[in-house]
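Welcome, and please open your viewer. We will take a short walk through one chain, with a few selections to make along the way.

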Amino acid sequence: MKFIFIYFKESLKFLNEILIKKIDKKNTLVFSLIILLSINNLFAQTDTINKEYTPFSISGHVKNMHTWHGFVVHPGALFATSLEFNSKDKKFTFGFWGGASFASVDVENINTRENVSAFYKELSIYTKYRFSDRFFIEAVTHNNFTGVEERGDQLSYWSYDKTQGYNFVDINFGYNITPNTLLYLATIINGGSGDYEVQTDGSLKDSWTHYFEVNSKVWQNETESLSLFVGGAWSFLTDKTFYTESAGNIINIGATYKKQLSINKYKFPVDVTLMWNPEQERTVLQLNLTLF
């Protein structure tokens with residue numbers, strides 16, 4: 001427990017440095033070392049852990065599309081998976097989330113100006129700490145490198161260039177005001193990836209976009225549930241945000257229905273999300289089947 005407090009003290013110091021200056025490769029390496037040393041120390045404390053504790057878990061999902069914060073990240077079918085470490089007290093989580101599509105999208109090559117096919121590819125890294133059953137803090141580096149090489153850019157997994165358009169970091173807070181209602185706030189703190197506004201002199205001004213969502217479970221029984229959600233985005237510094245073109249707006253309204261799907265003796269969690277984005281006038285229905 002003492003280690004966890006030390007870890008978060010150092011992590012908060014590091015996040016403060018991010019807010020003051022851009023992340024470069026050196027800072028990225030420091031962040032990686034902090035995470036690795038943290039996990040190493042957590043393992044050092046598990047010598048006497050009983051056999052019931054399983055530190056690692058994996059998951060696999062099949063989805064007809066991938067949506068996120070009101071965005072359709074990829075419009076076609078894909079397979080998503082995760083590899084996760086959880087501390088014994090279930091307060092600390094560190095994991096990887098990745099996706100690869102079965103269908104491609106067209107991107108324009110910057111050299112030939114021709115459309116070429118590119119498959120969706122993402123490998124994001126996240127860490128979360130739960131202070132209580134109600135409150136958590138989470139940091140995510142989103143690394144969506146779909147079409148990077150196909151459009152003629154140089155692939156660099158740790159690149160957070162504003163205009164390259166595929167890596168950014170956000171920090172998130174979640175608070176359950178009731179057991180069924182979650183308040184969620186996400187703020188982009190590094191990378192840009194479109195999170196800026198072009199000024200009249202051609203310079204780029206960071207937006208530091210905020211996304212806020214209320215998600216509430218309104219009905220449930222033993223195997224099914226229905227949740228409603230609404231989310232919006234804004235910036236205190238610019239009119240344009242990461243999610244909107246001209247001003248802050250409601251961008252994510254919908255409902256998620258979850259149930260246990262039984263096939264022979266096996267049960268698979270499945271959820272269907274109906275999402276409407278008023279900013280983009282886009283409505284979609286996402287299916288997510290959990291295989292394991």
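Start by selecting Asp206 and Lys162: their side chains meet in a salt bridge, with 3.4 Å from N to O. A salt bridge here is a side-chain nitrogen of Lys or Arg within 4 Å of a carboxyl oxygen of Asp or Glu. This pair links distant parts of the chain, with Asp206 in strand S11 (residues 204-206) and Lys162 in the loop between S7 and S8, 44 residues apart. Strands are DSSP runs of E with at least two residues, helices are runs of H or I with at least four, and both are numbered from the N terminus. Now colour the two by accessibility: Asp206 is partly exposed at 26% relative accessible area, while Lys162 is buried at 17%. Buried means under 20%, exposed over 50%, and partly exposed in between, with a 1.4 Å probe and protein chains only.

A word on what you are looking at: this is a predicted model, where local features need pLDDT of at least 70, side-chain atom pairs count only at pLDDT 80 or more, and totals for chains, interfaces and linings use all residues. Residues are numbered from 1 along each chain as its sequence is written, and side-chain values use heavy atoms, leaving out hydrogens and water.

How many salt bridges does the structure hold? There are four. For another of them, select Lys121 and Glu150, whose side chains meet at 3.7 Å, N to O. Lys121 sits in strand S6 (residues 115-130) and Glu150 in the loop between strand S7 (135-143) and strand S8 (167-178), so this pair also links distant parts of the chain, 29 residues apart. Both residues are partly exposed: Lys121 has a relative accessible area of 26% and Glu150 one of 23%.

Next, pick Asp153 and Arg151, which form a salt bridge of 2.7 Å, N to O. Is each partner buried or partly exposed? Asp153 counts as partly exposed at 24%, and Arg151 as buried at 18%.

Now zoom out and show the chain as a cartoon. You will find two helices and 16 strands. Twelve of the strands close into a barrel, in the order S1-S4-S5-S6-S7-S8-S9-S12-S13-S14-S15-S16, with antiparallel pairing. The twist averages 20° from one strand to the next, taken between axes that are lines fitted to C-alpha atoms, with angles from 0 to 180 degrees between N-to-C directions. Strands count as paired if DSSP finds at least two bridges between them.

To see one pairing, highlight S6 and S7: they run antiparallel and are joined by six bridges. Select Tyr129 too, and look for its bridge partner in S7, Ile137.

For the last close-up, go to His74 in strand S3 (residues 71-74). His74 is buried, with a relative accessible area of just 2%. What does His74 touch? Leaving aside residues up to four places away in sequence, the answer is Met65, His66, Ser101, Ala103, Val105 and Tyr120, where contact means heavy atoms within 4.5 Å. Show the backbone of Ala103 as well: its oxygen lies 3.2 Å from a polar atom of the His74 side chain.

Finish with the whole chain in view. Of its 292 residues, 44% are buried.

Technical notes:
Polar contact = N/O pair within 3.5 Å; in protein donor to acceptor, adjacent residues only side chain to side chain.
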